[in-house]
Amino acid sequence: MTVIKGYCHINKEDCWVNGKPVLAKTDDPEYSWLRQIYNFVGLSYPKFHKMDQLAQAGVLALALLKHEGDLPMDYSEEGVDLVLANRHASAGSDLRFQASYADHAAPSPALFVYTLPNIVLGEIAIQQKWYGDHIFVVLPAFDPDFFIQYAQRHIQQGCQAVIGGWLEVTDTETDVFLFLAEAEESTGKGGSLPLAAINELYRQPMPSISKL
Amino acid sequence: MDQIKQELKKQIIEQLNLEDVAVEDIADDTLLFASDGLALDSIDALELIVLLEKFYGIQVVNPEEGKTAFKSVDTMAAYIQQKTAQ
Amino acid sequence: MIYIGAETMISPLGSTTEENWSALKENRSGISWVAGAGLHHQGLFLARFHPIEKDRRFTSLLYEGMQQVALKLDPSIMLSARTQVVVSATKGAVDTDIRDPFGGVFNKFKTHFGLAHQPIVVSNACISGVQAINFGDELVGAGQFDQVIVIGVDLITDFVVNGFQSLYAVSDKPCRPFDAARKGITLGEGCAAVVVGNDRSIFAEAPLELLAGSSSNDANHISGPSRTGEGLVRAVRRTLMRQGCQPEDIDLVSAHGTATLYNDEMEAIAFNRLGLQECPTLSLKGYFGHTLGCAGVLETAATMQMMRHGLMVRSEGFENLGTSKPLPILTENCKGPINTFIKTASGFGGGNAALIVRKL
């Protein structure tokens, strides 16, 4: 049996970890919302500032899960398989790259390299030094069965953990959900929620924290 | 020349999204690509080429030229002066 | 056993698998000079569809590929609830619908073909195609589906031309994978499909055996290949191990071979680390250009054709070895049985993937 050890959400104004509110966006003009989360999780990673929003959101969700969810994630180099998905691929970065060469201006190479949705997998792999199997897929909508089946297959194949998530980050939408699954027998830290509950976890009610 | 260098530092920080770096952190001879310097990478190098075109109208045809020109702010400023004087 | 067959190719070399194979065995390249195609409107070498076929865009090409692959299968397969479609693509319809590049896959596709399920898009840069076939194997192997139609599509657009030119990654001559004079990639476009399934009888022509593999990240840099070939070594090693194969079992390496300085050098290092340095090796980019998300499917399909015809084609564009480690790159067509080949891919994001196909 495969179980969920922890999960987190980032939406437009709040962060939640394991169903509990942990951070609300402030009106701080100096820091963007993603930068506020960066400060909150205490990351010090200069590369972060070069990433596009999709990659930033992936790296931040992982940091939230690790620190707020108290999951050490001390797996072997090839022990973690990653599966991320969304609906609009890298559309946000695509628009920014397209704008960079409008009016005959020089296209930006730094923007171009982010016009692929799987770059977030690379950024996580680089940051964590993970060499496992990894895949990015585009789906019409969040599909619990897709994630359940992937996690079951890969845990059965013998990987230590599967980190999966829905990463929809566009100019109008921030819908980030990340979970960590392991075999039930594993003795690692964290909770033990049934994998089948993933749809409820993804759709848990998240009233605005500032109004709580 | 000093004016160009100050401008250049600002432009580098902005163009490369070096959020945690301030103009004062970059000395004229700080090595841009050394790990104990600004630790820029290959994509940053290409982005510096875009910077030259955007702010100085300089078109770098051969990116190999950048290797020597982008050593430090000193060498970049010299390169800009040489190119704009042509 | 998991089978792979029904390989379908649409490229500038031809509109059918047969036309593509004829071109490959005659060493014809799909690359040509296209005036005004580049950034600043200079000319470029591209493997692009003829202008007369310019209405071949993302969705229409996807449909064309699906129609062709359907003819190679038992007709009931397309409609079966036991069939899944996996699309391999990087940019979708970025040229016509940048805000929703995969809308064409999700909106009408399912009803048009009467599919039981919505397709899944695998979008992992240049390794997408190999990843998508491996993913198809996973779905069939786990019993979730009986067959998966894997279809790769990517097109040459201003978007990708500008992007690769901004990286100074595009060659001013037709690309020359692994050659000493290589100067970068030549972009290509196309559509290709293969079918992965557990029932031999669905294939009109006898299938081959798929020994699916794995992927691994370099964990090093998002756009520069690893200097040590780390991710490629791990992906191939895991693939060989999972399938109980030894490097000596491989008759042909269908490499990624983009013809950039660093990629080809990285592959040469990796294949040497893996003990594959004596295995005949080729890149198909000299024929098709780099078709990005389509490449892994197109090049697997083309190499399957070589296996069926018992002919390894020369690695187009190659004359003199230009890597620090030796590789036996094919300089001439070579007749003889190919029992087992490995297909590899490496790409942006640091991803690497591999799969093996064996003759039955």
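Buried area is the accessible area, taken with a 1.4 Å probe, that two parts lose on being put together, summed over both. With that in mind, and remembering that this is a predicted model, begin the tour where two chains meet.

**Chains B and C**

Select chain B and chain C together: they bury about 580 Å² between them, and carbon and sulfur atoms account for 59% of that area. Within chain B, highlight B:I43, B:L46 and B:P63, the residues that lose the most area to chain C and that together make up 51% of what the chain B side buries. If you extend the selection to every residue in contact, you should pick up 10 residues from chain B and 6 residues from chain C. Now switch on polar interactions across this interface, where there are 2 residue pairs in polar contact, counting pairs with both residues at pLDDT 80 or more, and 0 salt bridges. Colouring the chain B side by class then shows 6 nonpolar, 2 polar and 2 charged residues touching chain C.

**Inside chain C**

Next, hide chain B and colour chain C by its two domains, with domain 1 covering 3-173 + 187-202 and domain 2 covering 210-358. The C-alpha centres of these domains of chain C are 20 Å apart, and the contact between them involves 50 residues of domain 1 and 45 residues of domain 2. Together the two domains of chain C bury about 3500 Å², with 73% of it coming from carbon and sulfur atoms. On the domain 1 side, select C:W21, C:C126 and C:V130, which supply 19% of the area that this domain buries against domain 2, more than any other three residues.

Then zoom in on C:E7 and C:R308, which form a salt bridge whose closest N and O atoms are 2.5 Å apart; the count between the two domains of chain C is 1 salt bridge. Polar contacts between these domains number 13 residue pairs, with both residues at pLDDT 80 or more. To see what domain 1 of chain C presents to domain 2, show the elements that give two or more residues to that side, namely strand 1 (3-10), helix 1 (17-25), helix 5 (128-141), strand 6 (147-154), helix 6 (158-166) and strand 7 (190-197). By class, this side of domain 1 has 27 nonpolar, 17 polar and 6 charged residues.

**Chain A**

Finally, isolate chain A, which has 7 helices and 8 strands, and whose C-alpha trace spans about 60 × 40 × 35 Å along its principal axes. Its radius of gyration is 17 Å, which agrees with the value near 17 Å for a compact globule of 212 residues.

Conventions
Residues are numbered from 1 along each chain as its sequence is written. Chains are lettered from A and ligands numbered from 1 in the order in which they are written. This is a predicted model: local features need pLDDT of at least 70, side-chain atom pairs count only at pLDDT 80 or more; totals for chains, interfaces and linings use all residues. Side-chain values use heavy atoms; hydrogens and water are left out. Domain bounds come from an automatic or database domain assignment. Contact means heavy atoms within 4.5 Å. A salt bridge is a side-chain nitrogen of Lys or Arg within 4 Å of a carboxyl oxygen of Asp or Glu. A polar contact is a pair of N or O atoms within 3.5 Å; within protein, one must be able to donate a hydrogen and the other to accept it, and residues adjacent in sequence count only if both atoms are side-chain atoms. Helices (H or I, at least four residues) and strands (E, at least two) are DSSP runs, numbered from the N terminus. Ala, Val, Leu, Ile, Met, Phe, Trp, Tyr, Cys and Pro count as nonpolar, Asp, Glu, Lys and Arg as charged, and the others, Gly among them, as polar. The radius of gyration is taken over C-alpha atoms; the globule rule is 2.2 Å times the number of residues to the power 0.38.
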